[in-house]
Structures are given as structure tokens and as C-alpha cells.
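These are my notebook entries on a single protein chain. I set down what I looked up, entry by entry.

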Amino acid sequence: MSAAAVLSDPPSVSVVIPAYNRAATIVAAIDSVLRQTWTDFELIVVDDGSTDGTLAAAAAVADPRLRLVPAPRNLGAAGARNLGVEEARGTWIAFQDSDDEWLPEKLAKQMARLATPPAAGGNGDGREGGWGGCYCGLLTVGALDAAPGARTRLKYTPDPERAPVEGDILVPLLEHNMISTQTLVVRRDLFRDLGRFDEATTPIEDWDFVIRLAARAPIAFVDEPLVHQRFSENSITRRVEQRLAAQKRLVEKNMALYAAHPDVLARQYYILAGVNRAAGELGEARANLARARRLAPANPRPWAMSLYVAGLALAGGGRKAG
């Protein structure tokens, strides 16, 4: 049966791929979506001002489900995804990255999981009873900082030791981002109600969004590595300073949620301090460690790092010792 014959109007799922200068990988990413056993979807590729032929490479793919949307200017990954959702017609929105791969049953297994109601309904605290979205396992092939010629390393997300990973997972998500964008299927109405992706939290706009989603509705999970992730040379995840600024913003804007879990908030300040220390920002590191100590005075790790940072400052290390 042809793709055109099984595509409803509107389709049940809209898949959004943002792409910036990914001429070498965009066709493989598109093909991994078009190979899905779940065929009732439209695929929207948002070209984010590419200068390397990405748009032409995508345009060469002939499939009635594929639609190309040139961005009016370079919007960044979060902005390009938001633009794609504005163009979407499906009840559900799924996201793919322009350098990653979906396995063929990814959508089918997630849509089947979403068709099974959560074990319990609404819980009376303002959260919705039905699934707000569904994510799946992510297999990262290689490491972000892998040296040329190094052996391939594999990493599965979410960590098998983490629990819970389904249902009310707000607290685990406040601790750690378990849901990368390309693993997520979310209700389109909820995506819009929750304010879309915050473009100021790139490259962790997915984490910021799923925190808001988890506060609103339960999230389903398919425990299989249905997405394979690889890091391109121009991956925004490599921009450490941008990530640090985004993580600070994420904590600040979700402070009402974090404040109810002081141990979790202390951990975030500890992590921020570690990044500050690595960047030589010793004044910022000391400030974040002081916040962590106040919130979790019995935790020895912030105290130990505080002593280490103090030693660095006395030795004259760091760009900002104030």
C-alpha cells in the first residue's frame, strides 16, 4: 500500500525535523522517518537558513508525506522546531534530529503505548489523567568528546538504574534530563498550551519543556533503544558556555517546582558549580556551592568541592576569583 493511500487528512502524527547545515546527514534522517511501519504521518523539515545545500538535499527526496519549510531567518534549533509545530496538522507531534536515526518501529510502538490509558486517572492536583506524551530509549553511539580513532562507546538513556521512568516523573526530570527531543511524541494541544520550546534554553530546551509537560500530565515510556544518536561536528550540545547559561535559566524559571524538592535543587547548584569551576569561574562556583550547602547541609560533596575551589582561588586559578 502506498504512503499516500494510508495518510489520513489530517494525519495522526506530525514529525518535525529542524536542519541547519546538515547536507551530509539530512537524507538519512528523513529516510529513517519515511521507513516507519506507522505510516499515518506528515514529515515537516524546517531548513534553518542552511548554506551548504541542506534544503536541496531534502528536496530531492520524493515522498508525498514530506513538506519543506524554509525558515525566514536562522532561528536556532528550538525556534525551528516551534516553526515546524506551527505548520503541523497532526494530533500528535514527534521530533527527529537532522543527524540521528529512528528505528522502523519507533512511532508504531509509541502510538501503541499511548493507546493504552495510564493505570490511574487524574490525581486532583491539576495534572491531567491521560498521557501527555511518550518517549522511548535513546542509544548514543560514540561520545560528545570522543577523540579521533577512539573505540566506539554506547550509552543508553534513561539509565537503567533510574526509577520511575513512566507516569508521574516530574521529580526524576527535575534531577536529570531523561527525554531527548528526538525520542518524544507529545500532544499538539499540550505543546502549544505549555508555551512551546523556550529558545533561551537551547541546547537543553527539551529538558525545560518536558519538566513543564511532566508537571501537567503523565508521560509514557517504551523501554527500547528506538532512536540512535550521533553527534555532528556542529552539534549545539558542544557549546559548553551556552549550555551553562541555559541550565542556569532552566533552574531559575522552574524555581517553584525545584523549591519543593531542596535536595534536588541542591544537586543542580552543585552541578552548576562544577561547570563554573571547569570554566575558571570561581566566584560563580563559590556562590552556587553556598546555595547547595544551605539546601543540603548534610551532603558532603558541596563541602568538599568548596574546599577545592577555595584552594584554587588561593593559588590564583580561575578567570573570576571575585
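The entries below go from the whole chain to strands, helix pairs and unusual backbone positions.

**Entry 1. Whole chain**

I note at the outset that this is a predicted model. I looked up the secondary structure and found 13 helices and 9 strands in the protein chain. The chain has 322 residues, and I recorded 48% of them as buried. I then turned to the contacts between residues at least 6 apart in sequence, of which 75% join residues at least 24 apart.

**Entry 2. Strand 2 and its partner**

I looked up burial along strand 2, which spans residues 41-47, and found 7 of its 7 residues buried. I asked which residues of strand 2 point one way and which the other way. I recorded F41, L43, V45 and D47 on one side, with E42, I44 and V46 on the other, and every one of these is buried. In a regular strand, side chains alternate between the two faces of the sheet. I noted that the buried set includes the acidic positions E42 and D47, one on each side of strand 2.

Next I checked the pairing. Strand 1, residues 13-19, runs parallel to strand 2, and 7 bridges connect the two. As a point of reference in this pair, I marked A19, which stands opposite D47 of strand 2.

**Entry 3. Strand 9 between two partners**

I moved to strand 9, residues 219-229, which is mostly covered, with 8 of its 11 residues buried. Which strands does strand 9 pair with, and in what sense? With strand 6, residues 133-141, the pairing is parallel and comprises 8 bridges. With strand 5, residues 101-102, the pairing is antiparallel and comprises 2 bridges.

I then looked for individual partners. V227 of strand 9 is the bridge partner of W102. V227 also has L138 standing opposite. I therefore entered V227 under both headings, given that DSSP bridges define the pairing of strands.

**Entry 4. Helix 8 with helix 9**

Two packed helices are described by the angle between their axes and the distance between those axes. I looked up both values for helix 8, residues 205-216, and helix 9, residues 240-253: the angle is about 15° and the axes are 10 Å apart. That angle makes helix 8 roughly parallel to helix 9, the cut-off being under 35 degrees. The crossing of helix 8 and helix 9 is right-handed.

I listed the residues that meet. Helix 8 brings W207, D208, I211 and R212, and helix 9 brings Q247, L250 and K253. By class, the residues of this contact divide into 3 nonpolar, 1 polar and 3 charged.

**Entry 5. Helix 11 with helix 13**

I repeated the look-up for helix 11, residues 262-278, and helix 13, residues 300-314. Their packing angle is about 20°, and their axes are 11 Å apart. Helix 11 is thus roughly parallel to helix 13. The crossing of helix 11 and helix 13 is left-handed.

From helix 11, the contact takes in Y270, A273, G274 and R277; from helix 13, it takes in R301, P302, M305, Y308, V309 and L312. I recorded 7 nonpolar, 1 polar and 2 charged residues in this contact.

**Entry 6. Cis peptide bonds**

I looked up omega for two bonds that precede a proline. T157 and P158 are joined by a cis peptide bond with omega about 5°. P158 is in the loop between strand 7, residues 154-157, and helix 6, residues 170-175.

The bond from T202 to P203 is also cis, and its omega is near 15°. P203 is in the loop between helix 7, residues 188-193, and helix 8.

**Entry 7. Positive phi outside glycine**

Where does N21 lie? I placed N21 in the loop between strand 1 and helix 2, residues 26-34. N21 is not a glycine, yet its phi is positive, at about 50°. Its relative accessibility is 22%, so N21 counts as partly exposed.

I next looked up R196, whose phi is near 65°, again a positive value in a residue other than glycine. R196 is in the loop between helix 7 and helix 8, where I had also placed P203. At 27% relative accessibility, R196 counts as partly exposed; the partly exposed class runs between the 20% and 50% limits.

Terms used
Residues numbered from 1 in each chain as written. Predicted model: local features only at pLDDT ≥ 70, side-chain atom pairs only at ≥ 80, totals over all residues. Heavy atoms only, no water. Axes fitted to C-alpha atoms, helices over the stretch in contact; angles between N-to-C directions. Helix = DSSP H or I, 4+ residues; strand = E, 2+ residues; numbered from the N terminus. Parallel < 35°, antiparallel > 145°, perpendicular 65-115°, else oblique. Left-handed = near helix turned anticlockwise from the far one by under 90°. Contact = heavy atoms within 4.5 Å. Nonpolar A, V, L, I, M, F, W, Y, C, P; charged D, E, K, R; others polar. Buried < 20%, exposed > 50% of the residue type's maximum accessible area, 1.4 Å probe, protein only.
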